[in-house]
Amino acid sequence: MQIKQTTHFIFFIILLISGILISGCGSQVPGLKTSPKASEPDNTKPTVSSTTPSNNASLIAVNAAISVTFSEPINPTTIDTTTFTIATDSNIIGGTVTYNETTATFTPSAPLDYSKTFLATITTGVKDLAGNPMANSYSWTFTTGTAPDTTSPDVSSTTPDNNDTGFSVNTAIAVTFTEPLDPSTVTTSTFILASGNTYIPGKVTYNGITATFTPLAQLDYSKAYTAAITTGV
C-alpha cells in the first residue's frame, strides 16, 4: 500500500514538472534576444498639402516663383518640368524646378504675362521615397496682376484756351488732364498763374481729372497772364 502511494506521488511530481516546462516554452528565456518584427511597408501615397500662390489667387507678380509642398518627402528624380508644369492658353511655360525637403519650386524662364490665368499641375509621375505615386494629378490656378502704368499724364484742355482774350477777371482757370492724377501733387506749387514775373496767389482744387486755380483776388483788366502746370504733377 505504501509503495502504491509513493508511485502516485512520483507520477504527480512528473506531471507538475512537465506542465511547468510546457508553459515555459511560450516565454522568452532570460538572456536570449528575440528577432525584431519586420516594419510594415510604406503604402501611403503622397499628396499636396499647400501651394504658393494658393488656388484662385489673383494679382500675382509676373516674376513670382510657384511652389508646392507635399505631405511627405518626394523622390527628387521624379519632380521636374515634366511632372510640375505651368500653362496658359494651352501653352506650356518654360522654366526650372528645384526641390528641397518637401517643397518643389517652379521658376519661369521669363516673366509671366500680365492679366492672365495660369494652370499649375502636379502629375502622378511624382513619387515618394518608397516609390508610391500620387493617386491623382493635382491642379490649381492663379492670375497675374495688370501691367504697370508707365504712361505720363498730359493736358487735354484748358479754360480759358491758349491765347484767349477778353476773359473775365473774376473767373477761375481750369485744366483737364488725360487721366486721373495723384491729388496730393496738384497744388499751387505745380499749378501756377503769373503776370510777367509776378505770381498770382490763389487756391487749387482737384476733381475727377480737372484742376482749378481760383485767384484770391480779382485779376487786373487788360493784362496777359500765364498759367503753367509743372512736372511735379
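**A tour from strand 4 outward**

In strand 8, leucine 119 is the bridge partner of alanine 87. Strands here are DSSP runs of E, at least two residues long, numbered from the N terminus. This is a predicted model, in which local features need pLDDT of at least 70 and side-chain atom pairs count only at pLDDT 80 or more, while totals for chains, interfaces and linings use all residues. Residues are numbered from 1 along each chain as its sequence is written, and side-chain values use heavy atoms, with hydrogens and water left out.

**Strand 4**

Keep alanine 87 selected and add strand 8. Strand 4 and strand 8 pair in the antiparallel sense over four bridges; two strands pair if DSSP finds at least two bridges between them. Next, add strand 5 (residues 91-92), which runs antiparallel to strand 4 and is joined to it by two bridges. Isoleucine 92 in strand 5 stands opposite alanine 87. The hairpin of these two strands has two residues between them, and aspartate 89 there takes a positive phi near 50°.

Now select strand 4 alone. Five of its five residues are buried, where buried means under 20% relative accessible area, exposed over 50%, and partly exposed in between (1.4 Å probe, protein chains only). Phe84, Ile86 and Thr88 point one way from the strand, and Thr85 and Ala87 point the other way.

**The core around phenylalanine 84**

Select phenylalanine 84. Leaving aside neighbours within four places in sequence, phenylalanine 84 is in contact with residues including Ile66, Val68, Ile79, Val97, Phe106, Ile122 and Trp140; contact means heavy atoms within 4.5 Å.

Widen the selection to the largest nonpolar core, which has 23 residues. Such a core is a set of buried Ala, Val, Leu, Ile, Met, Phe, Trp, Tyr and Cys residues joined through side-chain atoms within 4.5 Å. Those with the most contacts inside the largest core are Val68, Phe70, Phe84, Ile86, Ile122, Trp140 and Phe142. Among the elements that give two or more residues to this core are strand 3 (66-70), strand 4 (84-88), strand 8 (117-122) and strand 9 (138-144). Apart from this core lies another, of 13 residues, among them Val169, Val186, Phe191 and Leu193.

**Aromatic rings**

Show the rings of Phe84, Phe106, Tyr138 and Trp140, which form one aromatic cluster. The structure holds five aromatic pairs. Tyrosine 138 and tryptophan 140 form a tilted one, at 5.9 Å centre to centre and 45° between the planes. Rings of Phe, Tyr and Trp (its six-membered ring) pair if their centres lie within 6.5 Å; planes under 30 degrees apart count as stacked, over 60 as edge-to-face and the rest as tilted. Tyrosine 138 counts as partly exposed because its relative accessibility is 32%, whereas tryptophan 140, at 1%, counts as buried.

**Threonine 144**

Follow strand 9 to threonine 144. With a relative accessible area of 3%, threonine 144 is buried. Its side chain reaches the backbone oxygen of aspartate 113 at 2.6 Å. Not counting residues up to four places away in sequence, threonine 144 also touches Leu59, Ile60, Val62 and Phe118, among others.

**The four-stranded sheet**

Finally, select strands 10, 11, 15 and 14, listed in the order of an open sheet with antiparallel pairing. Strand 10 (155-159) and strand 14 (202-207) are the edge strands, each pairing on one side only. Inside the sheet, strand 11 (residues 173-177) and strand 15 (residues 210-215) pair in the antiparallel sense over four bridges. The bridge partner of alanine 174 in strand 15 is threonine 212.

Conventions: A polar contact is a pair of N or O atoms within 3.5 Å; within protein, one must be able to donate a hydrogen and the other to accept it, and residues adjacent in sequence count only if both atoms are side-chain atoms.
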